[in-house]
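Reader: I'd like to learn how to read a protein model feature by feature. Could you walk me through it, general idea before the case at hand?

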Amino acid sequence: MQQIACLPGPSTRAPVIRASAVCGRMAKTPAAQAHKCNLRKRHTPFMQAKRNTQSRSRQHVKTNAVFDYCSTARGNSFTSSFRGTKALIMQLVRSNVSPESRPEVFKALVCLAYLAEINTWVVLSVALPGMTSDPTVMLPAASVGMLLAIGTAGLTIGKAAAGVVLDKVNPKWALVGVLIGAAGFNSLMAAGNTLTWFNVTWFLSRAVYASGWVAASRLICCWTPEETRGASLGSLAFAARVGFTVGSSALGGLLLVGVSWRLLFHITTIFAFIMAALLAVGMPDEFPYDLGGGGSDDYNLGTRPTQVSLDPGAGKVLTAEIGPDRGESAEGPEASEAAGSVAQGQATQAKTMGAALKDFLTTPQVLMAIVARCCLHTMYEFTAFMNMWAVESLGVSGGVAAQISAAFSGGSAVAVLVGGMLFCRYTGAGRRNFITALAALAASCFFILTRVTHPAAVVTAVILLGAGWAVPYYVPLPAYNLRKGGSFSAVLEGLCETCAYGSAMVFDIFMGQWLKGPNGYGKMMSTLLICSVGAVVFIAIFMQQEKVYEDNLIRM
């Protein structure tokens, strides 16, 4: 006899037959056994887990989740086992994490996955001394520069390709693919011995790696409302800086205790594969927020034509609806002008990639964002030459130079975590002043570094340089690209990053020429100081346009 279980809930709810009760110890008759087999065939593991989760106690959920997995995920196909495993993990997550906390858990998972991807980059710099000193490896020290240049070329090409591809791919699966591809090519690199093999595998690894930031930033913003995306992007940037700092220390420690350089590559690969598996099985394929800033009731990606803004002064919720005629309004010319300005800052209405690129390249704010990104990224190239600059110009030892270099990552890591939260607290003029002041701080630090030589003063300036550089680079510019790009946000982010990496390549070419002559590092610091002043100017213009956008959104 079938056991009927009335689930908790409103009294009008009809009783349902619980699969676990039918399939449990009470199901002894042949008819009940046949009914149990029919249930297995009729319901997928995910749907059965979803139905059994509704309105039941957490202990009930955890107990029956394992039973449901064992009874519904059996099969000879990989798809059946994968779906059953995913249903089990998702059900256990839902039983232990409240609905309000799930987005935070998934955002933390994205940050850890991006940290794992960062380690696939860090591992080469740690392993290079062992690679060049290994007698079985044909990698002379003079060829390391060519290897790094080929990796930068792969990054540049990958950034351009990411903009074309990632808009058509679910960001979760895009990040999973990036983790698997970048880590897989790293392991292949560790299996070779020739310079050609290293060049090819490192180029492919960096070309895949280049899509990581775009995929991760899109994914974390799909779990974040637009008003708090600055904090989420700050957390993602914090994971990146921690990945550089902790990854270098951990991998360097393994090298000191006798781990071979080849094993270092495989260790980072295993970590990346684990995070890819957790993303694939532990995160849903649908998200609560779209990349245009609105919430999606059906958890579908897309851009909405309506944007809602909270007026912090009046405490009112104001709705601005932007139609196909962009800038159309029935409240007079002033409101129409405000609507047109808001439309310029909203997600592009283009239907094709060519139309989207034309829209981006004819929008002044996009151009300001691209130039500001180029200046900031060129400033970051200072970290590639910081150790050599400290040894040659300051006369410090290699150990002190390493401490100076680590100070930049430490300052930027703390800054992006705190700065992202402060960015969300400010609005309009507050955000403009905050970001511009940080960019001015970075420019001031470059000026100080051309004047001081004491190690303590240099370390302090480098920490402040990292703090002033990181927040303008990681928070407002990617947040704007996600909003303005809409369904083509990956195209816009890829365009900005391609230009940024291109400017860094040009700087590296000039640095190679300058270092062959006298006063090479002096020319480097002068160039970086000019770039930092340019970053202040263009980021200030960009943030002023953001202020006008927010003010007009409130006026409408």
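Reader: Let's go straight to salt bridges. What does D285 form a salt bridge with?

Author: The general idea is to look for a side-chain nitrogen of Lys or Arg within 4 Å of a carboxyl oxygen of Asp or Glu. Keep in mind that this is a predicted model. Here D285 pairs with K172, and their closest N and O atoms are 2.5 Å apart. The two come from distant parts of the chain: D285 is in the loop between α12 (261-282) and β1 (306-311), while K172 is in helix α8 (residues 171-190), 113 residues apart.

Reader: And is each partner buried or exposed, or something in between?

Author: Check the relative accessible area, where buried means under 20% and exposed over 50%. K172 comes out at 0%, so that's buried. D285 has 33%, so it counts as partly exposed.

Reader: How many salt bridges does the structure hold?

Author: It holds 9. One of them joins K159 to E497, with the closest N and O atoms 2.3 Å apart. K159 belongs to helix α7 (residues 144-165) and E497 to helix α21 (residues 489-514), so this pair ties together parts that are 338 residues apart in sequence. K159 is buried at 3% relative accessible area, and E497 is buried too, at 4%.

Reader: Got another one for me?

Author: Sure. R483 bridges to E546, the closest N and O atoms being 2.8 Å apart. That links R483 in helix α20 (residues 476-485) with E546 in helix α22 (residues 520-555), 63 residues apart. R483 is buried, with a relative accessible area of 6%, and E546 counts as buried at 10%. When bridges share partners you can chain them up: K159, R373, E493 and E497 make one network that way.

Reader: Now rings. How many aromatic pairs are there?

Author: The count comes to 20. For each pair, look at the distance between ring centres and then the angle between planes: under 30 degrees is stacked, over 60 is edge-to-face. W469 and Y473 have centres 4.9 Å apart and planes at 20°, so they're stacked.

Reader: Where do W469 and Y473 lie?

Author: Both are in helix α19 (residues 455-474), 4 residues apart, about one turn of the helix. The general idea: an α-helix has 3.6 residues a turn, so residues three or four places apart point the same way. W469 is buried at 1% relative accessible area, and Y473 is buried at 7%. Y473 also pairs with Y474: those centres are 5.2 Å apart and the planes are at 85°, so that pair is edge-to-face. Y473 and Y474 are both buried.

Reader: Which residues form one aromatic cluster with them?

Author: The cluster is made of Y114, W213, Y380, F408, W469, Y473 and Y474.

Reader: What sits over the ring of F423?

Author: For this feature, follow the charged group and ask how it sits relative to the ring. The charged end of R431 is over the F423 ring, 4.3 Å from its centre. Likewise, R206 lies over the face of W202, at 4.3 Å from the ring centre.

Reader: W213 turned up in that cluster. Which residues of α10 are buried?

Author: W213 is one of them, along with G212, V214, A215, A216, S217, R218, L219, I220 and C221. That's 10 of the 10 residues in helix α10 (residues 212-221), so the helix is largely enclosed by the rest of the structure.

Reader: What span should helix α6 have, and where is its kink?

Author: Compare the expected length with the distance between the end C-alpha atoms. At 1.5 Å a residue, the 32 residues of α6 (residues 102-133) should span 46 Å, and the ends are 48 Å apart, which agrees. Also look at the bend along the axis: there's a kink of about 50° at A127, shortly before the proline P129.

Reader: Last one, zooming out. How many helices and strands does the protein have?

Author: There are 22 helices and 2 strands. Buried residues make up 50% of the 556 residues. For contacts with a separation of 6 or more, residues 24 or more positions apart account for 75%.

Technical notes. Residues numbered from 1 in each chain as written. Predicted model: local features only at pLDDT ≥ 70, side-chain atom pairs only at ≥ 80, totals over all residues. Heavy atoms only, no water. Phe/Tyr/Trp six-rings, centres within 6.5 Å; stacked < 30°, edge-to-face > 60°. Buried < 20%, exposed > 50% of the residue type's maximum accessible area, 1.4 Å probe, protein only. Lys NZ or Arg CZ within 6 Å of the ring centre and 35° of its normal. Expected span 1.5 Å × (residues − 1). Bend = angle between axes of the 7 residues up to and from the residue. Contact = heavy atoms within 4.5 Å.
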